[in-house]
Structures are given as C-alpha cells and as structure tokens.
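Trainee: I would like to go through the labels used for this chain and hear the reasoning behind them.

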Amino acid sequence: MRLTCMFSFILLFGAAGLVVFIHLQDPEEIVHQQIPGIKYNMGFQQPKKDCVSSNNQDRRLRKNTADGVATEKQDNSLHPSESVPTKLQSTDRQQSSIMFAMKDQQKGEEINSIRLHKRRRRFIIKKSPILISMNSSILNLPTLKSEDRNNSKWKSLYQIQRERKRIMRETCSKYKSNNRRIITPYHVSRIFVEDKYRVLYCEVPKAGCSNWKRVLMVLNGLASSTKDIQHNTVHYGNYLKRLDGFDHKGIYHRLNTYTKMLFIREPFEKLVSAFRDKFEHPNNYYHPVFGKAIISRYRVNATKEALRTGSGVKFKEFIQYLLDVHRPVGMDIHWDHVNRLCSPCLIDYDFVGKFESMEDDANFFLHLIGAPQNLTFPKFKDRHSNEERTTTKITQQYFAQLSPSQRQRSYDFYYMDYLMFNYSKPFEDLY
C-alpha cells in the first residue's frame, strides 16, 4: 500500500512538472519548431579555416545567410537581391499567407545576419589570412624602358636582379614545400608603403633601412631632401604607413600591384654591425633589457655594476645568447633572420638589393620606378658617424673571438639567409 502511494505521488509530480514546462515554453519557439522549411543562418559562427580566402568566405556566408534567396556582390559589399515570387494557387489563401510570412521572416533574418557579418568582419579582418598563389605578383620585375635597353650598365643590373630572384625562388622551392601561401598581417608588419610611386619596402635593420625610409618620405612628398630628415624622425615619427595598417582588401591589392623590394646584407656583417650599435654605445633600451639578461646568464662572477646596468656585453656572450635555445630574453629584429622578417618565400619580391652594392642597386631601383632624377640614395651615416662602418675585416676580427664550433653554429643559424641570397661562406673551415 505504501509503495503504491509513493508511485502515484511520483507520477503526479512528473505530470505537474510537464504542465509547468509547457506553460513556460516560449510560444514563438513552438511555432518555429512546427513550421518546416525555415533555415537559420549560422554561417558567422563557423570556425574560420586558414586556407579560405576572403572572397570565398564572403560567398560561403552569403550562401548560408538564406537558403534559396539569391545575393550578389556589388562594390565589395553584400546586398540581398529580390526574392522570386512563389506561384500560389488562388484557392489556398491560408497557405499563401503562411508562405509570405515565412519569406518576410527569412528576409529579415538575412538582413540581420548580413549586419552581424559586416560587424564581425571589422573585428577579424586583421587576423584573417590572405591566400595568394605562388609567384602571383603582377609585377614580376619592372621592365626596362626602351631607351635603357642599350645601356650596358642598366642591362647588367637588370640581369643581376633576374639571377637573384631565380636563386631566391629555387631555394624556396627546394626548402619550402608550399606552393600556395597564407599571408597574414604579421607577415607584412615590417613592410612600409609608398602609394604615390606604388612601392612596398620590407625593412631589414642594419642594411640601409634608415636611409631607405628617408627616400620613401621624399617620394611621398613629406620632405624635399633626405638630408633634412633626422634619425628620430625616420624611426619614431610614424610618417610612413605600414602594410598591416590596411584592411584585407588593401593588403591584397598592394601585394599584387605594387613593386615590392627589400635590401639585405651579409649575415655575419649585419650581426656585428647590430652588436656594435646596440652594445658598444650607451643605449637605454638594449642594455637594461638584453644586456642585463645576457650578463646574468653567461658571465661568471659578474660584478654588481654590470648586473645593474647591463653595460659591457662581450661579443662572445652575445653569441652564446643568440645560439641558446632557452634564451633569457627573446629575439630582436636587428639580429633576426631576413627569412623571418620579410618572408621572401611567402611574398614574391620584385627587387632584391644588397648592402654591398647599395649605391648601384638603390639608384637602379629608383630609376625603374620613375623617381625624380635629382633623388639619389644618401651615403651618409647618421649614427656614430665618426666610427668606421662595419666591414668584412672588422667582422672577421669579432668572429675570431669565437671557437670554431661557435662560428659553425652561427653559420648554421643564418644558413637560409646565406643560401637564399647567395652569400659565400665567411670562413673556410665552415661546412
């Protein structure tokens, strides 16, 4: 008897709970569940795939927005087209009203989804990948003008450029397996933009970058002469635009239509130049940030003064830091690989100049883009101007402080830069 009462109580409690649930259920949700044919757009919630271009994403989102409603792309924006009227029998007015209600609701959901999609694009555009096929640049290499084809100097420099690009491409093809490339804003964060002459310049520190920025500022009309522009104005004035500051479409357009160039330098020589600049002169950033960490990790019996200031880092200690897989402080653009700074296997550069032949290469490039004839690449050294430039001889003196093993590991560290830009081994004992 007691079990029977308990079982009856459980049934009554369950029935009461069901009644309360039905009473609290949203009537609109019940109606939506009962009407077939309504498809909710969840396209904007789909996880973004890295290998989908922006145009493909837009088409997929528009397709998912409303099933059966045609849309078209006009002026790079989304506009719903007119719905095609459904043929209805005049005898079934109730069905007709339901169908029109469904279409109105579907159209409203489509517009709301488009608005959500546009709003979301403003947030994700800088993180979206740009899919570009291998060597897709329209400008393979600026062509010589007809009057320059008989000029032996221009013809020789032109052939040098073709050879440099060939070696760079072959190296990329050999060591990089991708023939389709994903370029993100990170990959173009070191690229400066000059819109008037349609130039993209990838900054490689210690390879004439300060003077190249001066040239870009003159081309852009920000100064009349490169001599008028101070060092701090060049690097801290923010007068030049970076490519990652543009939206998805702006990045894609410039990568495919502007002349892209970079200037590089012999890796060991560039490394010694960076060390001399940052650690052998007073510096209120590199000494406390890098110097203190390097001395603390690699110097035995370091003095309190050295640990406090970070000044006086030795070249051998600097190399120990560079080769350490567990560095006490991260990498810096002044001694990072060109392969990482400018991504030459992802971005098809049209012009590759070298610091060692800077005057000829730079002025040839300015000639190709049609720069003013009175604009030439500046030769002056604006930092530590009384100090001799870092040369091959000075570089060898610094590397003579290292053991053969350290020199070999340093060469291995920059191996791709040596290979890609066709630099010879700096020491005979390297393999």
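The questions below concern charged pairs and one strand.

Mentor: Keep in mind that this is a predicted model.

Trainee: Why is the contact between aspartate 348 and lysine 165 called a salt bridge?

Mentor: The label requires a side-chain nitrogen of Lys or Arg within 4 Å of a carboxyl oxygen of Asp or Glu. Here the N to O distance is 3.7 Å, so the pair meets the definition. By this rule the count comes to 21 salt bridges.

Trainee: What makes aspartate 348 and lysine 165 a link between distant parts of the chain?

Mentor: The two residues are 183 apart in the chain. Aspartate 348 sits in the loop between helix H13 and strand E9, and lysine 165 belongs to helix H5. Both aspartate 348 and lysine 165 are buried.

Trainee: How do you know that lysine 260 forms a salt bridge with aspartate 350?

Mentor: The closest N and O atoms of lysine 260 and aspartate 350 are 3.3 Å apart, and the cut-off is 4 Å, so the contact qualifies. Lysine 260 is in strand E8 and aspartate 350 in the loop between H13 and E9, so parts 90 residues apart in sequence are tied together. Lysine 260 and aspartate 350 are buried as well.

Trainee: What about glutamate 359 and lysine 379: why is one called partly exposed and the other exposed?

Mentor: Their side chains also meet in a salt bridge, at 3.4 Å from N to O. Glutamate 359 lies in helix H14 and lysine 379 in the loop between H14 and helix H15, so this pair joins parts 20 residues apart in sequence. Exposed means over 50% relative accessible area, and buried means under 20%. Glutamate 359 has 44%, so it is partly exposed. Lysine 379 has 61%, so it counts as exposed.

Trainee: What makes E8 largely enclosed by the rest of the structure?

Mentor: Six of its six residues are buried, so the description follows. Thr259, Met261 and Phe263 point one way from E8, while Lys260, Leu262 and Ile264 point the other way. In a regular strand the side chains alternate between the two faces of the sheet.

Trainee: How do you know that E8 pairs with E6 and with E9?

Mentor: Pairing requires at least two bridges between the strands. E6 and E8 have four bridges, in the parallel sense, and E8 and E9 also pair in the parallel sense over four bridges. Each case therefore meets the requirement. Valine 199 stands opposite threonine 259 in E8, and methionine 261 stands opposite phenylalanine 351 in E9.

Notes:
Residues are numbered from 1 along each chain as its sequence is written. This is a predicted model: local features need pLDDT of at least 70, side-chain atom pairs count only at pLDDT 80 or more; totals for chains, interfaces and linings use all residues. Side-chain values use heavy atoms; hydrogens and water are left out. Buried means under 20% relative accessible area, exposed over 50%, partly exposed in between (1.4 Å probe, protein chains only).
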